[in-house]
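Reader: I would like to learn how to read the features of a model such as this one, step by step. Could we take the general idea each time, and then the case at hand?

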Amino acid sequence: MAAAGAVRAARRARRGFDIFVADVPWTVSSKELKEYFAQFGAVQRCQLPFDKDTGFHKRFCWIKFSSPEDVQNTLQKDSHILEGSKELNICDSTSCKRTGLPSIQMF
């Protein structure tokens with residue numbers, strides 16, 4: 001039984017803890033997103049998908065944190081603003097379902 005618990009813990013650690021970010025300004029890069037979200041905790045990865053036809057990113061991303069506390073730190077802030085006045089829409093797996101935003105994909 002202890003071995004099964006250790007395997008589950010290792011899978012959770014590898015999977016990480018994610019948030020979905022919508023309405024990312026066109027001018028913001030994945031590096032800038034990582035730097036911004038690093039104030040809330042250790043960012044493991046930023047997945048910012050690009051459109052093959054236009055070459056622009058699709059204005060949404062997933063941020064992978066090291067711990068659930070990092071996600072909670074991010075969600076506790078009332079608003080997240082980049083590029084001066086562009087507010088980001090942010091959710092975790094439960095709040096995305098309530099708001100109708102795309103669900104978080106694990107990577």
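Reader: Which residues of helix 3 are buried?

Author: Buried means under 20% relative accessible area, exposed over 50% and partly exposed in between, with a 1.4 Å probe and protein chains only; helices are DSSP runs of H or I with at least four residues, strands are runs of E with at least two, and both are numbered from the N terminus. In helix 3, which spans residues 68–76, the buried residues are Asp70, Val71 and Thr74. They cover an arc of only 100 degrees around the axis, which puts them on the same side of helix 3, the arc being that of the directions from the helix axis to the C-beta atoms. The model is a predicted one, in which local features need pLDDT of at least 70 and side-chain atom pairs count only at pLDDT 80 or more, while totals for chains, interfaces and linings use all residues. Residues are numbered from 1 along each chain as its sequence is written, and side-chain values use heavy atoms, with hydrogens and water left out.

Reader: What covers the buried residues of helix 3?

Author: Here one looks at contacts, where contact means heavy atoms within 4.5 Å. The cover includes strand 1, helix 2 (30–37), strand 3 (60–65), strand 4 and strand 5 (86–91).

Reader: Where is His80 found, and which residues does it touch?

Author: His80 is found in strand 4, residues 80–82, and with a relative accessibility of 4% it counts as buried. Leaving aside residues up to four places away in sequence, His80 touches Tyr36, Phe37, Phe40, Thr74, Lys86, Glu87, Leu88 and Ile90. Towards Thr74, the side chain of His80 reaches the backbone oxygen at 2.9 Å; a polar contact is a pair of N or O atoms within 3.5 Å, where within protein one must be able to donate a hydrogen and the other to accept it, and residues adjacent in sequence count only if both atoms are side-chain atoms.

Reader: How many aromatic pairs does the structure hold, and how should one describe them?

Author: A pair of aromatic rings is described by the distance of the centres and the angle of the planes. Rings of Phe, Tyr and Trp (its six-membered ring) pair if their centres lie within 6.5 Å, and planes under 30 degrees apart count as stacked, over 60 as edge-to-face and the rest as tilted. The structure holds 7 aromatic pairs. In one of them, the ring centres of Tyr36 and Phe37 are 4.9 Å apart and the planes stand at 85 degrees, so the pair is edge-to-face. For Phe37 and Phe40 the centres are 6.3 Å apart and the planes at 45 degrees, so that pair is tilted. Tyr36 is buried at 12% relative accessible area, Phe37 at 0% and Phe40 at 10%. Elsewhere, ring pairs link Phe20, Phe60 and Trp62 into a cluster.

Reader: Which residues that are not glycine have a positive phi?

Author: Among them is Asp23, with a phi of about 65 degrees, which lies in the loop between strand 1 and helix 2 and is partly exposed at 32% relative accessible area. Arg59 has a positive phi of about 70 degrees; Arg59 sits in the loop between strand 2 (43–47) and strand 3, and counts as partly exposed at 29% relative accessibility.
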